[in-house]
Amino acid sequence: MPCRYGGEEFVIILPGADLAGTRQRAEALRAAIARWDPQRDGESLGPVTASIGVAVLPMHGATWQQALKAADDALYEAKRSGRNRVVCTTQPAR
């Protein structure tokens, strides 16, 4: 279930998914975006990449707000560490 979260940010909710499955889905999405070649009038618009932060309930938060914050922190870590990558939060539930 994708939801717009910010200007260029989206949240994807995967009910019942565990950390390994969520990370795998995130990596598949990141790789598909990296393979995409958007074009306009037959000309490539250049590469597109995605930085993705991953967190799951209840491992990374007792509430959806805490898990969302953990995922957001992981997203910014992905951006700081070079972009075009998936980072799973290391934050424990609070």
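Ala-17 touches Thr-22 and Val-56, leaving out residues up to four places away in sequence. The model is predicted. Ala-17 sits in the loop between β2 and α1. Its relative accessible area is 31%, so Ala-17 is partly exposed. Ala-17 and Thr-63 are 46 residues apart in sequence, and their C-alpha atoms are 16 Å apart in space.

**Salt bridges**

How many salt bridges are there? The count comes to three. Side chains of opposite charge can pair when their charged atoms come close. The pairs are set out below.

| Salt bridge | Closest N to O | Helix | Separation in sequence |
|---|---|---|---|
| Glu-27 and Arg-30 | 2.6 Å | α1 | three residues |
| Lys-69 and Asp-73 | 2.7 Å | α2 | four residues |
| Glu-77 and Arg-80 | 3.0 Å | α2 | three residues |

Start with helix α1, residues 19–35, which holds both Glu-27 and Arg-30. About one turn of the helix lies between these two residues. An α-helix has 3.6 residues a turn, so residues three or four places apart point the same way. Glu-27 is partly exposed, at 31% relative accessible area. Arg-30 is at 14%. The cut-off for buried is under 20%, so Arg-30 counts as buried.

Helix α2 runs over residues 64–80. Lys-69 and Asp-73 are four residues apart there, which means about one helical turn separates them. Lys-69 has 43% relative accessibility and is partly exposed. Asp-73 is also partly exposed, with a value of 23%.

Glu-77 and Arg-80 lie further along α2, again about one helical turn apart. Are these two residues buried or exposed? Glu-77 counts as partly exposed, at 33% relative accessibility. Arg-80 counts as exposed, at 60%.

**Around Arg-30**

Arg-30 belongs to helix α1 and pairs with Glu-27. Which residues does Arg-30 contact beyond its neighbours within four places in sequence? They are Ala-50, Ile-52, Asn-84, Arg-85 and Val-86. One of these contacts, Ile-52, falls in strand β5, residues 52–54. Another, Val-86, falls in β6, residues 86–88. With a relative accessible area of 14%, Arg-30 is buried.

**Helix α2**

What span should the 17 residues of α2 have? At 1.5 Å a residue, the expected value is 24 Å. The end C-alpha atoms of α2 are 24 Å apart, so the model agrees with that expectation.

Several α2 residues are buried: Ala-67, Leu-68, Ala-70, Ala-71, Asp-72, Ala-74, Leu-75 and Ala-78. What do the buried residues of α2 pack against? Their partners are β2 (10–12), β5 (52–54) and β6 (86–88). After α2 comes Gly-82. The phi of Gly-82 is positive, near 125°.

**The largest pocket**

The largest pocket holds about 1,200 Å³ of space. It is lined by 33 residues, and those closest to its centre are Phe-10, Val-11, Ile-12, Ile-52 and Gly-53. Ile-52 is also a contact of Arg-30.

Which elements each supply at least two residues of the lining? They are β2, α1, β5 and α2. Helix α2 gives the most, with seven residues. Buried residues of α2 also pack against β2 and β5.

**Cysteines**

How many disulfides are there? The count comes to zero. The reason is distance. The sulfur of Cys-3 is 19 Å from the closest cysteine sulfur, which is in Cys-88, and this is too far for a bond. For Cys-88, the closest cysteine sulfur is in Cys-3, at the same 19 Å. A disulfide needs the two sulfur atoms within 2.5 Å.

The two cysteines can also be placed by accessibility. Cys-3 is partly exposed, with a relative accessible area of 29%. Cys-88 counts as buried, at 18% relative accessibility. The numbering puts Cys-88 in β6 (86–88), one of the strands that the buried residues of α2 pack against.

Technical notes
Residues are numbered from 1 along each chain as its sequence is written. This is a predicted model: local features need pLDDT of at least 70, side-chain atom pairs count only at pLDDT 80 or more; totals for chains, interfaces and linings use all residues. Side-chain values use heavy atoms; hydrogens and water are left out. A salt bridge is a side-chain nitrogen of Lys or Arg within 4 Å of a carboxyl oxygen of Asp or Glu. Buried means under 20% relative accessible area, exposed over 50%, partly exposed in between (1.4 Å probe, protein chains only). Contact means heavy atoms within 4.5 Å. The expected span of a helix is 1.5 Å times one less than its number of residues. On a 1 Å grid over the protein atoms alone, a cavity is a set of points where a 1.4 Å probe fits but cannot get out, and a pocket is an open set with protein on both sides within 12 Å along at least five of seven lines; lining residues have an atom within 4 Å of a point. Grid points are joined across faces, edges and corners, and a volume is the space filled by probe spheres set on the points.
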